[in-house]
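Visitor: Could you take me through one part of this model in close detail? I would like a connected account that I can follow on screen, residue by residue where that helps.

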Amino acid sequence: MTTHIEVRRGSYHDSVTLLQVSQDVAAVDGVDDAIVAMATELNLAVLADLGFDRVDLGDATPNDMIIALRTADDEALRSALGAMERSLSASSRSTSGGDFQAPPPRTVGVAARSTDTNLAMISVPGEYAFVEAMDALRAGLHVMLFSDNVPVEQEVALKREGARRGLLVMGPDCGTAIVGNVGLGFANVVRPGPVGMVAASGTGAQQVCCLLDEADVGLRHVLGVGGRDLSAEVGAASTLQALAALDADPATELIVIVSKPPDPEVADRVRNAARQCDTPVLLGFVGRDQLDLTAVADAAAERVDHPITNHRRWDPSVIPSPAVGELRGLFSGGTLCDEAMVIASAALGPVRSNIPLEPDWALDGDDADGHVMIDYGEDTMTRGRPHPMIDHSLRLNSLRREAQRPGSHVVLLDVVLGHGADADPAGALAPAVAGARRVAADRGDRLAVVVSLCGTRDDPQDRDRQAAALADAGATVHLSNAGAARDAVRLVSGDNR
Amino acid sequence: MSDERGPLSALLSDEPRVVTAGVGLFADALAAQGITPVRTDWRPPAGAGDALDRIARDERVTDANATAVGRLQSARPHLVDVRLARDAIDGFEDGMLLHAGPPIEWADASGPLRGAIMGALLYEGWADEPEAAGAMVERGDVHLAPCHEHGAVGPMAGVVSPSMPVYVLHDAEHDVTAFCTQNEGLGKVLRYGAFGRQVIDRLHWMDRTLAPLTRTALRSHGPIDVRSLIVQALQMGDEGHNRNRAGSSLFVREIAGELVEVEAAARDIADVLRFINGNDHFFLNLVMPAAKVAADAARDIPGSTMVVAMARNGTEFGIQCSGTGDRWFTGPAGVPDGLFLSGYGPDDANPDIGDSTITETAGFGGFAMAAAPAIVRFVGGEVGDALRYTMSMYEITLAEHAAYQIPILGFRGTPVGIDATRVVRAGIVPAVNTGIAGREPGTGQVGAGLVEPPMGCFVAAARALADQVVMP
């Protein structure tokens, strides 16, 4: 047993440091008791309790440091003193605040409070989206709400709050917006120009953007409003706000509103508002017995004196023969799927779908006889899974399944490019298209593939390379979704033209 | 266009400045366009998602919280008197003892609370033996009530008996009064559950010497603005909860002249000065009631989700919110993580105890850790950790304190006004500094460190707030 008592005069360390040092020393093998402390009354009493003799300390004061150790032997004492010196010097080593990084904010409201921002882009799971979006509005931010699966009453509440604060709520379920040449969500790279768009459909807006851009017609802003904005419940709250804002914007020369057919009363309200505008407004209500998106783009281009004569397409080296059989649509864009179904059903009759045009065309599972089109971007298909514009795995599976199905068929696919979308969709889809066609051909059947390619020349994926890769795989590629749908209908009907 | 363009016109004539929450890909896509977004580290709430939805619908909340946090900051607590608890505190009946934290029965009380109750009975002369305490409380001879329900706060066990002197703090702005006993020092003390002879003797010295002298000195000095002392202490390395060295010194400077002039034996005056000088926590018992005054000024604002009390009784951690009155929301008290005094270790630690979390409630203590980097060494942290503790508290608070500032953060106001809904949303619980009491009654202090409040009490508060939402 070795006892060591030492007083270091004028050696001040704060009590927290010395507690740490004491613990470090006590952890050394062979140390029974270890106190490294300032010589305060309290600490001296503790020493006495532990049986250290007060006499050894002389006239130590609270400004002196005492070191009291009881160890198994001299060697343990040396280790203990070494550990103490290391611990003391470590405690005073500079740990500057310079390497400190503030943790990122966790909620939108807090982020807004400490930064100069004006727009929140929210894509959290739908069940949590309302709180975050409301927080953003109350912090004075406009909101682009990508999240889907948000109940309509929450949408109404958000838009009421937004209107009260003069803030725009884009969404929920808003896939696309372009604000001041900045694409939010899934957005194509378009040139700046005179057309402002209000869109209740993400892929609808993207389709019109791409067709206009190809005709050298630029976009000023594309303000998404969410697919339900023109419903009776929501009452076009965001559409009317966006319309007024674009009307007030001197650089916007033409306003295009793209939506599925609205609730009739809401449609009247929008028409009235459009009439009040100083800026010309083109109402692009798309759907059955309505315009298609390509017709909306054509009309818009016409209005700004850039008429479109024909829409870009890329043909494979071998022109595909008709493949009389069933038509399969595998879509990532809801509006594109909807538009293709309208065109196909007009010519072919019922088209079964998970977003059916008629209630009794609803699909049970994803396999059925007859013509079928599936929207893989629909709410229930994206729960807990990336959007099909990012992740092609579901559609690749379907493509393989189509190839296995006996008989000749036509497959219609959309490929959406732009910010947010997969960096190289053709890299995954082109080999699958070629493979599927080969499987059918080996069997003696024909599989015709038509692609609706929604992209611009300036999109990060290099649209023309994407188109070429798909055409090389044997697909016919159209920039116009309506054009692609008509081509698919022609092929499946056995029309050689 | 007119100059008074609305926010939407402003958006459309500028480049957007974006905050993102959710899918990182969209933030990446913005960065690729040269628009560097502010990325949040968003995560699902810790619970009660439906309650958060309902609260978000309530249009009163924003204004109610602004009012609450405004009142919390505008309170100017002054030390106005030192009196006996039985005279100062309304409804302090004979046979009653106040304690820290939410309400508790003897059967559930932990060692240090039991020890402090025993000590208080001995001190009052209601019992001759500590062992008598349990039976007396269970028979109803002695009645327990939370300090918080009587305008008081108590550190650690927080036991207040009628003969103990208390500081009286008053805020004229909101006409709120709060009380707290005088600090006994460190080591074996009643608040840590010790009840030996020396503990009781010291308490008697306090009521016979310390209290009368400070009372007389104070009355001749006039009210002391405790908030302004806290402001200075935060700029001198204190955070006001686990470190009150600067504040204690400032208090002595303030009162020393009047103390020396008190007509008393020079030995007594010197004892008082030495006692204060030897106790770095002397000021704690002044900052706590100052914080209590501020928090009580913010009570009972309908719709407010702001926390107005956090307190532990050694068994449960409880909170109260401005919009839910006197209701407690509780969860199990955690065991602090920290450094232990020689001879003690984690096994000796009692679960978290004390009303001192009123300091964090009022925007300092753990929330001002960046002002007192020395404190993080309690848990082996570094200076950067102190900054991180404070910075992460901005995430769960409503404002930056107008008076309490942190030099190293460019004199930024401390994070103040805990929003229970933000705690749940961010999944961040308040950072709490604390002393550690020994588990066994009679032990006293065994260490000091940090502790995490249970998330469950914030989730429960969110549910209760949701139940009284006013829908538009």
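**A sheet in chain A and what surrounds it**

Guide: Happy to. Let us begin with a strand pair: β14 (residues 326-331) and β17 (residues 409-416), both of chain A, run parallel to each other and are joined over 5 bridges. Within that pairing, L327(A) sits opposite V410(A) of β17(A). Please keep in mind that this is a predicted model.

Helices lie against this pair. Helix α12 (residues 393-404) of chain A packs on the sheet and touches β14, β17 and β18 (447-454) of chain A. The direction of that helix makes about 165 degrees with the direction of β14(A). Helix α15 (residues 481-493) of chain A packs on the sheet as well, with β13, β14, β17, β18 and β19 (475-478) of chain A among its contacts. Its direction makes about 170 degrees with that of β18(A).

Now zoom out to the whole sheet. It is open, has 7 strands, and follows the order β13-β19-β18-β17-β14-β16-β15 in chain A, with mixed pairing. At its edges stand β13 (313-314) and β15 (351-353) of chain A, each of which pairs on one side only. As background, strands of a sheet pair through backbone hydrogen bonds, either parallel or antiparallel.

A residue worth clicking on here is S345(A), placed in helix α11 (residues 334-348) of chain A. S345(A) has 20 other C-beta atoms within 10 Å, and 20 or more is the criterion for being buried, so S345(A) counts as buried. Setting aside neighbours within four places in sequence, the contacts of S345(A) are P350(A), V351(A) and L357(A). H371(A) is 26 residues away from S345(A) along the chain, and their C-alpha atoms are separated by 8.8 Å.

For the wider setting, chain A is divided into domain 1 (2-95), domain 2 (108-303) and domain 3 (313-493). The centres of domain 1 and domain 2 of chain A, taken over C-alpha atoms, are 70 Å apart. In the residue range of domain 2, look for strand β10 (residues 219-224) of chain A. All 6 of the 6 residues of β10(A) are buried, so this strand is largely enclosed by the rest of the structure. Strand β9 (residues 192-199) of chain A runs parallel to β10(A), and 6 bridges join the two. One such partnership links G196(A) with H221(A) in β10(A).

From here we can cross to the other chain. Strand β4 (residues 119-123) of chain A pairs with β1(B) in the parallel sense over 5 bridges. In that pairing, S123(A) has G22(B) of β1(B) as its bridge partner. The contact between the chains takes 65 residues from chain A and 60 residues from chain B. On the chain B side, the elements that give two or more residues are α1 (7-13), β1 (18-22), α2 (24-32), β2 (38-39), α3 (49-57), α14 (383-393) and α15 (420-426) of chain B. Of these, α14(B) gives the most, with 6 residues. By class, the side of chain B that touches chain A has 32 nonpolar, 14 polar and 14 charged residues.

That helix deserves a second look. In α14(B), 10 of the 11 residues are buried, so the helix is largely enclosed by the rest of the structure. Among the buried ones are V383(B), L387(B), R388(B) and Y389(B). The cover over the buried residues of α14(B) includes β14 (397-406) and β15 (412-418) of chain B.

Finally, consider the nonpolar interior. The largest nonpolar core has 327 residues, and those with the most contacts inside it are I122(A), L470(A) and A462(B). Helix α12 (residues 284-297) of chain B supplies the largest share of this core, 10 residues. Leaving aside neighbours within four places in sequence, A462(B) is in contact with A48(B), A51(B), L52(B), I55(B), A420(B), T421(B) and V424(B). In general, nonpolar side chains tend to be buried together in soluble globular proteins.

Methods. Residues numbered from 1 in each chain as written. Chains lettered and ligands numbered in written order. Predicted model: local features only at pLDDT ≥ 70, side-chain atom pairs only at ≥ 80, totals over all residues. Contact = placed C-beta atoms within 7 Å. Helix = DSSP H or I, 4+ residues; strand = E, 2+ residues; numbered from the N terminus. Nonpolar A, V, L, I, M, F, W, Y, C, P; charged D, E, K, R; others polar. Pairing = 2+ DSSP bridges. Axes fitted to C-alpha atoms, helices over the stretch in contact; angles between N-to-C directions. Domains from an automatic or database assignment. Core = buried A, V, L, I, M, F, W, Y, C linked by C-beta atoms within 7 Å. Buried ≥ 20, exposed ≤ 12 C-beta atoms within 10 Å, placed from the backbone.
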